[in-house]
Amino acid sequence: DIQQLKFALIQIEQDEQKKGCKSLLRKVIGDTTLPQNSGQHTKGRDSQAELFVFAACRKAGFNPSWEEPDIVCSVDHKEIKIAVKRVKNIRQLVKRVREGANQIKKVRSSGVIIVDVVVARNPNNYRIIAKVPNVAFGLRWFCLLKKTVNYYHGELQKAIKNKGVLAIILHDHWVRMDSASNWKLETMTYRIRAAEIESPFSGCLKEFTRRYRSVFPNPTQLTK
(Lines give C-alpha, C1' and ligand atoms only; values in the text may rest on other atoms or scores of the structure.)
Protein backbone atom coordinates (compact mmCIF):
# COMPACT_ATOMS: atom_id res chain seq x y z
CA ASP A 1 0.00 0.00 0.00
CA ILE A 2 2.74 2.44 0.95
CA GLN A 3 4.63 1.92 -2.32
CA GLN A 4 1.45 2.34 -4.36
CA LEU A 5 0.58 5.54 -2.52
CA LYS A 6 4.13 6.87 -2.91
CA PHE A 7 3.93 6.31 -6.65
CA ALA A 8 0.55 8.05 -6.81
CA LEU A 9 1.53 11.00 -4.62
CA ILE A 10 4.63 11.79 -6.67
CA GLN A 11 2.45 12.19 -9.76
CA ILE A 12 -0.39 13.98 -8.00
CA GLU A 13 2.03 16.56 -6.62
CA GLN A 14 2.73 17.60 -10.19
CA ASP A 15 -0.92 17.62 -11.25
CA GLU A 16 -3.24 20.59 -11.41
CA GLN A 17 -6.30 18.55 -10.39
CA LYS A 18 -5.25 18.07 -6.78
CA LYS A 19 -8.72 18.89 -5.48
CA GLY A 20 -10.21 15.64 -6.83
CA CYS A 21 -7.23 13.70 -5.52
CA LYS A 22 -7.55 15.14 -2.02
CA SER A 23 -11.12 13.91 -1.62
CA LEU A 24 -9.97 10.40 -2.51
CA LEU A 25 -7.00 10.60 -0.14
CA ARG A 26 -9.36 11.38 2.73
CA LYS A 27 -11.15 8.11 1.99
CA VAL A 28 -7.89 6.16 1.73
CA ILE A 29 -6.92 6.81 5.35
CA GLY A 30 -10.27 5.46 6.56
CA ASP A 31 -9.52 1.81 5.82
CA THR A 32 -7.70 -0.68 8.06
CA THR A 33 -3.91 -0.76 7.87
CA LEU A 34 -3.74 -4.27 6.41
CA PRO A 35 -5.97 -5.33 3.49
CA GLN A 36 -6.60 -8.81 4.92
CA ASN A 37 -8.27 -7.16 7.94
CA SER A 38 -10.68 -5.12 5.83
CA GLY A 39 -14.39 -5.80 5.80
CA GLN A 40 -16.77 -6.08 2.88
CA HIS A 41 -16.84 -2.35 2.19
CA THR A 42 -13.43 -0.81 1.50
CA LYS A 43 -13.95 2.68 0.15
CA GLY A 44 -10.41 3.61 1.12
CA ARG A 45 -8.71 0.98 -1.01
CA ASP A 46 -11.24 1.50 -3.80
CA SER A 47 -10.12 5.13 -3.81
CA GLN A 48 -6.48 4.07 -3.67
CA ALA A 49 -6.98 2.00 -6.83
CA GLU A 50 -8.39 5.06 -8.61
CA LEU A 51 -5.48 7.21 -7.44
CA PHE A 52 -2.98 4.64 -8.70
CA VAL A 53 -4.59 4.49 -12.15
CA PHE A 54 -4.82 8.30 -12.32
CA ALA A 55 -1.13 8.55 -11.41
CA ALA A 56 -0.16 6.00 -14.06
CA CYS A 57 -2.13 7.93 -16.69
CA ARG A 58 -0.52 11.16 -15.51
CA LYS A 59 2.97 9.70 -15.82
CA ALA A 60 2.13 8.24 -19.25
CA GLY A 61 1.31 11.74 -20.48
CA PHE A 62 -2.43 11.20 -20.99
CA ASN A 63 -3.44 14.45 -19.23
CA PRO A 64 -6.07 12.68 -17.07
CA SER A 65 -9.04 14.40 -15.46
CA TRP A 66 -11.59 13.29 -12.87
CA GLU A 67 -14.69 12.79 -14.98
CA GLU A 68 -17.30 10.08 -15.48
CA PRO A 69 -17.03 7.14 -15.43
CA ASP A 70 -13.93 7.68 -13.23
CA ILE A 71 -11.05 9.09 -15.28
CA VAL A 72 -10.82 10.58 -18.77
CA CYS A 73 -7.56 10.51 -20.78
CA SER A 74 -6.40 11.94 -24.08
CA VAL A 75 -4.58 9.50 -26.35
CA ASP A 76 -3.64 10.42 -29.92
CA HIS A 77 -6.20 13.27 -29.84
CA LYS A 78 -8.97 10.85 -28.80
CA GLU A 79 -10.73 10.63 -25.45
CA ILE A 80 -10.47 7.34 -23.58
CA LYS A 81 -12.86 6.92 -20.66
CA ILE A 82 -11.65 4.72 -17.81
CA ALA A 83 -13.75 2.84 -15.27
CA VAL A 84 -11.73 1.58 -12.29
CA LYS A 85 -12.91 -1.48 -10.38
CA ARG A 86 -11.61 -3.67 -7.53
CA VAL A 87 -12.36 -7.36 -7.20
CA LYS A 88 -11.97 -8.99 -3.78
CA ASN A 89 -13.22 -12.39 -4.93
CA ILE A 90 -12.39 -13.65 -8.40
CA ARG A 91 -15.92 -15.02 -8.77
CA GLN A 92 -17.08 -11.37 -8.82
CA LEU A 93 -14.84 -10.49 -11.79
CA VAL A 94 -17.54 -10.67 -14.47
CA LYS A 95 -20.03 -8.75 -12.32
CA ARG A 96 -17.59 -5.91 -11.67
CA VAL A 97 -16.54 -5.75 -15.33
CA ARG A 98 -20.20 -5.57 -16.34
CA GLU A 99 -20.67 -2.63 -13.96
CA GLY A 100 -17.70 -0.86 -15.52
CA ALA A 101 -18.99 -1.56 -19.02
CA ASN A 102 -22.37 -0.07 -18.14
CA GLN A 103 -20.62 3.05 -16.81
CA ILE A 104 -18.78 3.49 -20.11
CA LYS A 105 -21.94 2.87 -22.11
CA LYS A 106 -23.73 5.52 -20.06
CA VAL A 107 -21.23 8.22 -21.05
CA ARG A 108 -21.58 7.20 -24.72
CA SER A 109 -17.90 6.96 -25.46
CA SER A 110 -15.10 4.43 -25.91
CA GLY A 111 -13.20 3.32 -22.87
CA VAL A 112 -11.15 0.85 -20.90
CA ILE A 113 -12.03 -0.99 -17.70
CA ILE A 114 -9.09 -1.31 -15.30
CA VAL A 115 -9.60 -3.94 -12.60
CA ASP A 116 -7.49 -4.32 -9.45
CA VAL A 117 -7.39 -8.06 -8.65
CA VAL A 118 -4.81 -7.90 -5.85
CA VAL A 119 -7.04 -9.06 -2.98
CA ALA A 120 -8.80 -11.64 -5.14
CA ARG A 121 -5.43 -13.18 -6.03
CA ASN A 122 -3.79 -12.78 -2.61
CA PRO A 123 -6.49 -12.46 0.09
CA ASN A 124 -4.06 -13.12 2.96
CA ASN A 125 -1.58 -10.47 1.77
CA TYR A 126 1.33 -12.91 1.55
CA ARG A 127 4.77 -11.76 0.50
CA ILE A 128 6.95 -13.93 -1.71
CA ILE A 129 10.14 -14.72 0.17
CA ALA A 130 11.61 -17.14 -2.37
CA LYS A 131 14.29 -15.50 -4.51
CA VAL A 132 12.75 -16.39 -7.84
CA PRO A 133 14.41 -15.00 -11.00
CA ASN A 134 12.37 -12.27 -12.70
CA VAL A 135 11.60 -14.31 -15.81
CA ALA A 136 10.51 -17.38 -13.83
CA PHE A 137 8.34 -15.25 -11.55
CA GLY A 138 6.75 -13.44 -14.49
CA LEU A 139 6.00 -16.64 -16.38
CA ARG A 140 4.46 -18.27 -13.31
CA TRP A 141 2.28 -15.22 -12.65
CA PHE A 142 1.26 -14.96 -16.30
CA CYS A 143 0.30 -18.64 -16.61
CA LEU A 144 -1.82 -18.61 -13.44
CA LEU A 145 -3.70 -15.45 -14.41
CA LYS A 146 -4.13 -16.62 -18.00
CA LYS A 147 -5.84 -19.76 -16.67
CA THR A 148 -8.32 -17.59 -14.76
CA VAL A 149 -8.90 -15.27 -17.72
CA ASN A 150 -9.49 -18.19 -20.07
CA TYR A 151 -12.10 -19.60 -17.68
CA TYR A 152 -14.09 -16.34 -17.67
CA HIS A 153 -13.22 -15.14 -21.17
CA GLY A 154 -16.58 -15.82 -22.81
CA GLU A 155 -18.55 -14.18 -19.99
CA LEU A 156 -16.23 -11.18 -19.97
CA GLN A 157 -16.63 -10.62 -23.70
CA LYS A 158 -20.39 -10.87 -23.34
CA ALA A 159 -20.35 -8.36 -20.46
CA ILE A 160 -18.58 -5.68 -22.54
CA LYS A 161 -20.14 -6.31 -25.96
CA ASN A 162 -21.69 -3.26 -27.68
CA LYS A 163 -20.90 -0.97 -24.74
CA GLY A 164 -17.95 0.97 -26.14
CA VAL A 165 -15.36 -1.01 -24.18
CA LEU A 166 -12.03 -1.36 -25.97
CA ALA A 167 -10.33 -3.61 -23.44
CA ILE A 168 -10.13 -4.82 -19.86
CA ILE A 169 -6.80 -4.38 -18.07
CA LEU A 170 -6.18 -6.41 -14.93
CA HIS A 171 -3.82 -4.97 -12.29
CA ASP A 172 -1.93 -7.21 -9.87
CA HIS A 173 0.66 -6.20 -7.26
CA TRP A 174 2.97 -8.54 -5.35
CA VAL A 175 5.66 -7.79 -2.80
CA ARG A 176 8.57 -10.16 -3.22
CA MET A 177 12.26 -10.53 -2.37
CA ASP A 178 14.70 -10.11 -5.23
CA SER A 179 18.03 -11.87 -5.73
CA ALA A 180 19.80 -9.15 -3.68
CA SER A 181 17.48 -9.79 -0.68
CA ASN A 182 15.62 -6.50 -1.18
CA TRP A 183 11.84 -6.24 -0.98
CA LYS A 184 10.26 -4.89 -4.16
CA LEU A 185 6.78 -4.22 -5.46
CA GLU A 186 5.95 -5.95 -8.73
CA THR A 187 3.13 -4.28 -10.64
CA MET A 188 1.79 -6.37 -13.51
CA THR A 189 -0.90 -5.93 -16.12
CA TYR A 190 -2.88 -8.32 -18.26
CA ARG A 191 -4.94 -6.96 -21.14
CA ILE A 192 -8.10 -8.58 -22.47
CA ARG A 193 -8.90 -6.96 -25.79
CA ALA A 194 -12.55 -6.58 -26.82
CA ALA A 195 -13.58 -8.97 -29.58
CA GLU A 196 -14.83 -6.08 -31.73
CA ILE A 197 -13.20 -2.63 -31.86
CA GLU A 198 -13.99 0.22 -34.22
CA SER A 199 -10.98 0.69 -36.50
CA PRO A 200 -10.27 4.35 -35.50
CA PHE A 201 -9.66 3.18 -31.93
CA SER A 202 -7.53 0.12 -32.68
CA GLY A 203 -4.28 2.10 -32.93
CA CYS A 204 -5.35 4.29 -30.03
CA LEU A 205 -5.76 1.24 -27.77
CA LYS A 206 -2.36 -0.08 -28.79
CA GLU A 207 -0.71 3.24 -27.90
CA PHE A 208 -2.62 3.52 -24.63
CA THR A 209 -1.57 0.01 -23.60
CA ARG A 210 2.09 0.54 -24.53
CA ARG A 211 2.45 3.79 -22.63
CA TYR A 212 0.33 2.74 -19.67
CA ARG A 213 2.35 -0.42 -19.03
CA SER A 214 5.64 1.41 -19.28
CA VAL A 215 5.19 3.66 -16.25
CA PHE A 216 5.06 1.28 -13.31
CA PRO A 217 7.88 1.15 -10.73
CA ASN A 218 8.76 -2.52 -11.24
CA PRO A 219 6.88 -3.89 -14.24
CA THR A 220 7.04 -7.50 -15.30
CA GLN A 221 6.20 -7.21 -18.96
CA LEU A 222 5.00 -10.70 -19.79
CA THR A 223 1.52 -9.82 -20.95
CA LYS A 224 -0.73 -10.13 -23.96
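A charge is taken to sit over a ring if NZ of Lys or CZ of Arg is within 6 Å of the ring centre and within 35 degrees of the ring normal. The legends below describe close-up views of a predicted model.

**Figure 1. Charged side chains over the rings of W183 and F137**. R127 is placed over the face of W183, and the distance to the ring centre is 4.3 Å. In a second arrangement of this kind, the ring of F137 carries the charged end of R176 above it, 4.3 Å from the ring centre. R176 also takes part in a salt-bridge network, which is described in Figure 7.

**Figure 2. The edge-to-face pair of Y151 and Y152**. The structure holds 5 aromatic pairs. In the pair formed by Y151 and Y152, the centres are 4.9 Å apart and the planes meet at 85°, an edge-to-face arrangement. The two tyrosines differ in their surroundings: Y151 is exposed, with a relative accessibility of 63%, whereas Y152 is buried at 11%.

**Figure 3. The stacked rings of F208 and Y212 in helix α7**. The ring centres of F208 and Y212 are separated by 5.4 Å, and their planes are at 15°, so the pair counts as stacked. Helix α7 (residues 199-213) contains both residues, and their spacing of 4 residues corresponds to about one turn of the helix. Both F208 and Y212 are buried. Ring pairs also bring in F62, which forms a cluster with F208 and Y212.

**Figure 4. Y212 in the largest nonpolar core**. The largest nonpolar core comprises 58 residues, and those touching the most other members are I82, V97, V115, L170 and Y212. Helix α6 (residues 134-160) supplies the largest share of this core, namely 9 residues. When neighbours within four places in sequence are set aside, the contacts of Y212 are V53, A56, C57, A60, F62, I114 and H171. F62 thus appears both among these contacts and in the ring cluster of Figure 3.

**Figure 5. The salt bridge between R86 and D46**. The whole structure contains 8 salt bridges. In the one formed by R86 and D46, the closest N and O atoms are 2.9 Å apart. R86 belongs to strand β2 (residues 78-86) and D46 to helix α3 (residues 43-59), so this salt bridge ties together parts that are 40 residues apart in sequence. R86 is buried, with 8% relative accessibility, while D46 is partly exposed at 27%.

**Figure 6. The salt bridge between E99 and R96 in helix α4**. The closest N and O atoms of E99 and R96 lie 2.3 Å apart. These residues are 3 residues apart in helix α4 (residues 93-106), a separation of about one helical turn. Both partners are partly exposed: the relative accessibility is 28% for E99 and 23% for R96.

**Figure 7. The salt bridge between R211 and E207, and a network of shared partners**. R211 and E207 form a salt bridge whose closest N and O atoms are 3.6 Å apart. Both residues lie in helix α7, 4 residues apart, and are thus separated by about one helical turn. R211 has a relative accessible area of 19% and is buried, since the cut-off for buried is under 20%. Elsewhere, R176, K184 and E186 are joined into one network by salt bridges that share partners. R176 is the residue whose charged end sits over the ring of F137 in Figure 1.

Technical notes: Residues are numbered from 1 along each chain as its sequence is written. This is a predicted model: local features need pLDDT of at least 70, side-chain atom pairs count only at pLDDT 80 or more; totals for chains, interfaces and linings use all residues. Side-chain values use heavy atoms; hydrogens and water are left out. Rings of Phe, Tyr and Trp (its six-membered ring) pair if their centres lie within 6.5 Å; planes under 30 degrees apart count as stacked, over 60 as edge-to-face and the rest as tilted. Buried means under 20% relative accessible area, exposed over 50%, partly exposed in between (1.4 Å probe, protein chains only). Helices (H or I, at least four residues) and strands (E, at least two) are DSSP runs, numbered from the N terminus. A nonpolar core is a set of buried Ala, Val, Leu, Ile, Met, Phe, Trp, Tyr and Cys residues joined through side-chain atoms within 4.5 Å. Contact means heavy atoms within 4.5 Å. A salt bridge is a side-chain nitrogen of Lys or Arg within 4 Å of a carboxyl oxygen of Asp or Glu.
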